[in-house]
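Q: Please give me a close look at how the surface, the cores and the sheets are put together here. I would like the cut-offs stated along with the description.

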Amino acid sequence: MKHFTKSAILAAAMMPLASMAAAEKISIAIGHQSMCTDTYTAGIVVKELGLLEKYLPTDGKYADAEYDVSWADYSSGGPITNQMLANKLNFGVMGDYPLIVNGAKFQETDSLRTLYVAGTGYNLKGSGNAIVVPVDSDMYSITDLVGKEVSTPVGSAAWGMLLKAMQDNNIPTSEYVLKNQSPAVGAANIAAGKIDAHSDFCPWSEIMEFRGTGRKIYDGSETGVPYLHGVVVREDFATEYPEVVEAFIKAVWEAGEWIRSDPMEAVSLMEGWTGVEKEVLYLYFSEGGHLTLEPSIKDEWVDALKFNHGVLVKEKAIPPLDFEAWITEDYIRNAYADLGIDYDADKASMVDPVVANDGLPMEIWHARDGVSSYPSLPDFLTAVAAMQGTGAKLNATYVYDDETGLKLFGKTAFWVKAGDEYATFLRKGEAEAYASANGGSLVTFDEAIADFITEG
Amino acid sequence: MTRVASTIWTDIQANWKTMVLHGLIFALLFQFLMLIALIVRFQDLPNYVAFYDWFGSAVHIIQSTPSWRDAVQIIWEEWLIEIGFMNYDYGMGISEWSLNVVPSRLVMLFILGATVSLCLALVRRDGCDVGTSNTMRATTGLGALLVAMTNATMSWVVCCATPSWVVGLAMLGLGVSTSLALETMGPLLTGLGFGTLAFIIVVLAARKAYPTKELDPKGAPADA
């Protein structure tokens, strides 16, 4: 009885402490990349729309919690990992190669780990990475790079893509000069014609194309290795606050829904948040764009990450990575269940641009009237000609590569006219082959438009 | 060996002020030289500087890292100052290059500067011929170069997977294959550099502690 009384008194004395503990301040620090389009649904969009705050738990042990959400913007994934190691960031959003290094560097420590808890988006075949040449270059194929100087951010996904692309095309490293170059300097060198080619990650290639300084000769989709981005979280944080991790994943999911609901409005806002041109972002986030916004963790992603880890081990001797321990679907499954969405259905779905983009309409982004779509290239060209005839400003035009289904700027595509039919291509080689097979010829975008300019 | 250690200790006692001064000058001068190298390489003056709460970060890391070994390794990479060039042509700006002042590297460079100072003091006091003296100085320089090279703290948005000391060398023109080959050799090269300097110190101290006819052809005491 005496023991019971002591326990009761102790429990009563602890009540205020328990309530103080419940009122704890939970700091949530997230590292993201505003210059990396594929991270936006777990980064800038969640931040600017306050989506994490919307889903943060407010009941149970979180009833009196005070949240302190902070965001830190980085130019690449490496520094995010370093900040996570220092526990200055709880969450990190980054691309596949930096993600792998993140997991491996944490597993190299005695006491710290991260968990890969969700994706942000993907391109099944690897679009997002690309090799670009100066716009006036006479190179049109990756095989033209033999004996040339090619720069890339070594250690990035674009570097991994470049290595595989060269291997796939039987170009050994001894037959080209590889230079280590940052995206901004690489883009500047392409504009100035100081380098033969530059390989980079999203959205640098499209920025160069949109600004008229560069031209793609190789798209990452040709390697066939999925390009994906994802979310990692410190394991100690996830263990202590699993509901916060689930809230973050719900925010990622809603960010994707928000973009899908009105891509033009979304990219216009994102331009203001990131400084990346909205027309470039539209190539990624619109229907038929490079990016499929869906956070599930597919088996194919695990295979792709293992492949990428193999490249990094071979070339950069990074530590081993136990994928089983690192990747977990526990949090995303709970998040989906709370949202009432079928996780397994999302996980099973796979968007292949070649199939999904087949038959999608061409688009014109009128500066005043917004985006309009056209079912055929003649309809599209007629509209472009008419709009240009009024002196209207067109922000951008979008067509699709006949070969890969990749969404392209109309002005950078290779155009083929065969009789009354038109076709558009990413690369000159395929365009020439198509022209040859169909009795057509290559024409410029302006020449194609000129066919539809009406008198008077 | 005791006499050698004693000689080294005596020389350190005699030169400690100079060693500290040289250590400080070397650590600071190295930062300045890296900054100059970056400015020359990229033809841009720095346009941003950021200061970090190194002590606060170190305390936070210790509090939130269960393993002391991990905590030390993480603190080792913490920055004090970042100075660089932000390119505003893209997005909201992207850091094109930066020099990171890292306290752990400052300590390494300070030790390096002090060690080189001791080496040079011993060489000066050694009575060997000009050729041997030059060889000693060159070896000291080689050791210093190896340590300094592996403590470069220049960075850019290139190696987004694994930033490391070779990034600085890559920025200054080192080839990709060479930098990748060297990347894992950082600790080895640092050890080799300090080992070389330690070897020079021991040799010079031994020559002083055990003067011989061969070492001193004129038969005069080495420090006469």
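A: Chain B exposes about 11200 Å², and carbon and sulfur atoms supply 70% of that area. Accessible areas come from the Shrake-Rupley method with a 1.4 Å probe; for residues, only the protein chains shown count as cover. This is a predicted model, in which local features need pLDDT of at least 70 and side-chain atom pairs count only at pLDDT 80 or more, while totals for chains, interfaces and linings use all residues. Residues are numbered from 1 along each chain as its sequence is written, chains are lettered from A and ligands numbered from 1 in the order in which they are written, and side-chain values use heavy atoms, with hydrogens and water left out.

Of the 224 residues in chain B, 49% are buried (under 20% relative accessible area; exposed is over 50% and partly exposed in between, with a 1.4 Å probe and protein chains only). Chain B has eight helices and four strands, and from the N terminus on its elements run α-β-α-α-β-β-α-α-β-α-α-α. Helices (H or I, at least four residues) and strands (E, at least two) are DSSP runs, numbered from the N terminus. Contacts (heavy atoms within 4.5 Å) in chain B between residues at least 6 apart in sequence join residues at least 24 apart in 71% of cases.

The largest nonpolar core has 136 residues, and A:Ile28, A:Met270 and A:Phe285 touch the most other members. Such a core is a set of buried Ala, Val, Leu, Ile, Met, Phe, Trp, Tyr and Cys residues joined through side-chain atoms within 4.5 Å. Helix α10(A) gives the largest share of the 136-residue core, nine residues. Apart from this core lies another, of 37 residues, including B:Ala114, B:Val116, B:Val147 and B:Val167. Leaving aside neighbours within four places in sequence, A:Phe285 is in contact with A:Thr37, A:Tyr40, A:Ile259, A:Pro263, A:Val267, A:Met270, A:Leu291 and A:Leu293.

Helices α10 (residues 242-261) and α11 (residues 263-274) of chain A pack at an angle of about 115°, with their axes 5 Å apart. Axes are lines fitted to C-alpha atoms, for helices over the stretch in contact, and angles run from 0 to 180 degrees between N-to-C directions. On α10(A) the contact is made by A:Trp258, A:Ile259, A:Arg260 and A:Ser261, and on α11(A) by A:Pro263, A:Ala266, A:Leu269, A:Met270 and A:Trp273. A:Leu49, in helix α2 (residues 44-49) of chain A, touches A:Trp258 and A:Trp273, not counting residues up to four places away in sequence. A:Leu49 counts as partly exposed because its relative accessibility is 33%. A:Leu49 and A:Ala251 are 202 residues apart in sequence, yet 9.5 Å apart in space, C-alpha to C-alpha.

Strand β3 (residues 91-95) of chain A is mostly covered, with five of its five residues buried. A:Phe91, A:Val93 and A:Gly95 lie on one side of β3(A), and A:Gly92 and A:Met94 on the other. Strand β1 (residues 25-32) of chain A runs parallel to β3(A), joined by two bridges, and A:Gly31 stands opposite A:Gly92. Strand β10 (residues 227-234) of chain A is antiparallel to β3(A), with five bridges; there A:Gly230 is the bridge partner of A:Met94. Two strands pair if DSSP finds at least two bridges between them.

Another part of chain A is an open, mixed sheet of five strands in the order β7-β6-β8-β5-β9. Its edge strands, β7 and β9 (214-219), each pair on one side only, and the twist averages 30° from one strand to the next. In β7(A) (residues 177-180), A:Leu178 and A:Asn180 point to one face and are buried, while A:Val177 and A:Lys179 point to the other and are not. Strand β6 (residues 149-152) of chain A pairs with β7(A) in the parallel sense over four bridges, and A:Val150 stands opposite A:Leu178. At the other edge, five bridges join β5 (residues 130-134) of chain A to β9(A), antiparallel, with A:Pro134 opposite A:Gly214. Helix α6 (residues 157-168) of chain A lies across β5, β6, β7, β8 (197-200) and β9, at about 145° to β6(A). Helix α7 (residues 183-192) of chain A touches β5, β8 and β9, and its direction makes about 150° with that of β8(A).
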